[in-house]
Amino acid sequence: MNDPATQELIHADIDGELNGAQRAQLARALLSDPEARALHDDLKRLSASLDVLPVVEPPPDLMTNILSALPQPTAGRARPAWWVEHRWRYAALVAGVLAAGTLVFETVHGPGSDSAEMTGTLATGSAILDAAALPPGGELSGRVVLYRDGTGLGLRFQLAGPGPVNASISSGGQTLQVNDLAAAADPPERTVPLRKLASGQEIKVALRLGGRPAGDLSLRVP
Amino acid sequence: MKEEDDATLVQRSLQGDGTAFGQLVERYQRTIFNAAMRMLRNTDDARDVTQTAFLKAFEHLRDYDPAFRFYSWLYRIAVNESLDALSSRKGGEALDGAEPDESPGPEGRAEGEQMGRAIEAALMRINPELRSVIVLRHIVHLSYHDMADILQLPEKTVKSRLYSARQLLREQLREYQGH
């Protein structure tokens with residue numbers, strides 16, 4: 001059964017795309033060609049089976065994970081007065097601290113690719129591995145997300161609070177200090193690259209707001 | 001109707017309404033996860049692809065052209081993410097669990113279930129680009145027109161790929177059935 005025109009009619013029939021004249025043409029072809037009939041029957045069964053493959057339910061936490069990874073909206077958000085007055089100072093400070101933090105981890109974990117040394121907002125092409133949120137009602141709110149992208153693992157901080165927030169990131173006996181994480185950027189999120197963490201390894205994040213403990217979060221590399 | 005709804009939710013998301021994008025996630029996460037599962041046959045990879053697809057959609061929401069269907073744009077991102085995930089797999093494709101038992105099953109196993117497993121296995125043996133047209137047509141149940149939009153190919157090419165994919169699946173299944 002090598003007639004391409006008949007084959008096309010068979011597929012179009014399966015997809016419900018034939019008009020009356022084409023249906024009649026196909027019927028004639030099927031009557032006169034047993035191979036065409038076999039192909040038609042096989043493809044019809046195949047399509048019917050494909051159409052009823054069981055639906056797989058997504059993991060129950062999928063939607064939560066997706067939403068927790070989204071950048072916080074900034075449109076119309078009110079900024080505290082200290083932020084309006086000092087935003088450039090804080091932005092410069094954050095850039096400096098994050099660069100220093102990256103260097104610390106470079107020293108601890110060894111050199112990596114150039115692209116892995118970048119800090120900034122979450123790059124596209126990343127996958128969310130874990131997320132931990134601060135309990136509601138506290139002075140500090142938001143979450144920390146562990147992600148993996150083309151450059152490796154990283155932590156993404158989405159925090160909002162009434163003042164500068166510092167974080168102490170500990171894993172595998174190493175500690176990295178990162179300062180001024182909350183509300184110090186626009187959009188209010190920062191990433192810190194991590195490298196060479198093993199599957200199952202825990203990452204502890206201790207947050208401090210104005211020098212006071214503001215929450216402890218724990219994430220795990222899957 | 002649905003188009004208007006999606007467009008409204010996109011507009012609200014762009015205006016900073018965090019709940020609007022959540023509704024889009026709720027609406028499409030199941031379909032995208034299932035498409036990714038059929039493309040990748042691995043739950044963790046399908047979950048990563050689904051998350052990344054929505055994150056990318058959100059980050060690039062301002063680039064979305066409302067002249068096109070939102071879901072076409074979203075599915076395009078998901079298909080590309082799935083193809084990227086497949087191309088980044090080393091040493092073959094990582095599948096959930098062991099290779100499925102494709103032999104004629106024990107008594108009592110429903111014929112339809114056996115066929116389903118055989119089809120899932122056969123799907124993984126065909127070229128990922130051909131697999132993607134099968135997934136869009138038979139799992140996501142899209143028209144040729146929508147598939148052409150998503151794959152950014154002429155409808156004629158989409159049909160040709162779909163026909164080739166079905167023929168290959170048929171051959172795979174005939175081998176399985178001992179023909």
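Here is a short chat about a predicted model with chains A and B.

Me: What makes up chain B, helices or strands?
Reply: Helices. Chain B has eight of them and zero strands, and from the N terminus on the order is α-α-α-α-α-α-α-α. Of its 179 residues, 40% are buried. As for contacts in chain B between residues at least 6 apart in sequence, 65% join residues at least 24 apart.

Me: How do you know that α3(B) has the span a helix should have?
Reply: By setting its ends against the rule. At 1.5 Å a residue, the 17 residues of α3(B) should span 24 Å, and the end C-alpha atoms are 24 Å apart, so the two agree.

Me: Why is α3(B) called largely enclosed?
Reply: Because 12 of its 17 residues are buried. To count as buried, a residue needs 20 or more other C-beta atoms within 10 Å of its own. Among those that pass in α3(B) are B:Val49, B:Ala53, B:Phe54 and B:Leu55, and also charged-looking names such as B:Asp45, B:Arg47 and B:Asp48.

Me: What covers the buried residues of α3(B)?
Reply: Parts of both chains. The cover includes α4 (62–69) and β1 (127–133) of chain A, together with α2 and α4 (70–88) of chain B.

Me: Which elements of chain B supply at least two residues each to the side that touches chain A?
Reply: To begin with, the contact takes 34 residues from chain B and 30 residues from chain A. On the chain B side, α2 (18–40), α3 (43–59), α5 (111–125), α6 (128–139) and α8 (155–176) each supply at least two. That side divides into 15 nonpolar, 11 polar and eight charged residues.

Me: What makes B:Ala78 stand out in the largest nonpolar core?
Reply: Its touches. The core has 87 residues, and B:Ala78, B:Ala36 and B:Leu74 touch the most other members. The largest share of this core, 11 residues, comes from α2(B). Leaving aside neighbours within four places in sequence, B:Ala78 is in contact with B:Ile32, B:Ala35, B:Ala36, B:Val49 and B:Ala53. In soluble globular proteins, nonpolar side chains tend to be buried together.

Me: How do you know that β4(A) pairs with β7(A), and which way do they run?
Reply: At least two bridges are needed for a pair. Six bridges join β4(A) to β7 (residues 202–209) of chain A, and the strands run antiparallel, so by that cut-off they pair. One of the partners to look for is A:Leu207, opposite A:Ala167. Strand β5 (residues 174–178) of chain A passes too, with five bridges to β4(A), also antiparallel; there A:Ser168 stands opposite A:Gln177. The hairpin of β4(A) and β5(A) has two residues between the strands, and A:Gly172 in it takes a positive phi near 55 degrees.

Me: Which residues of β4(A) are on the covered face, and which on the uncovered one?
Reply: A:Val165, A:Ala167, A:Ile169 and A:Ser171 are on the covered face, while A:Asn166, A:Ser168 and A:Ser170 are on the uncovered one. In a regular strand the side chains alternate between the two faces of the sheet.

Me: Where in chain A is the pLDDT below 50?
Reply: Over residues 99–124, a stretch that still has 40 contacts in the model beyond near neighbours in sequence. It also stays under 50 over residues 183–187 of chain A. Chain A averages 74, with 71% of the residues scoring at least 70. Among its elements, α5 (residues 81–109) has the lowest mean, 44, and α2 (residues 20–32) the highest, 94. Where pLDDT is low, the predicted coordinates should not be read in detail.

Conventions
Residues numbered from 1 in each chain as written. Chains lettered and ligands numbered in written order. Predicted model: local features only at pLDDT ≥ 70, side-chain atom pairs only at ≥ 80, totals over all residues. Helix = DSSP H or I, 4+ residues; strand = E, 2+ residues; numbered from the N terminus. Contact = placed C-beta atoms within 7 Å. Nonpolar A, V, L, I, M, F, W, Y, C, P; charged D, E, K, R; others polar. pLDDT = per-residue confidence, 0-100. Core = buried A, V, L, I, M, F, W, Y, C linked by C-beta atoms within 7 Å. Expected span 1.5 Å × (residues − 1).
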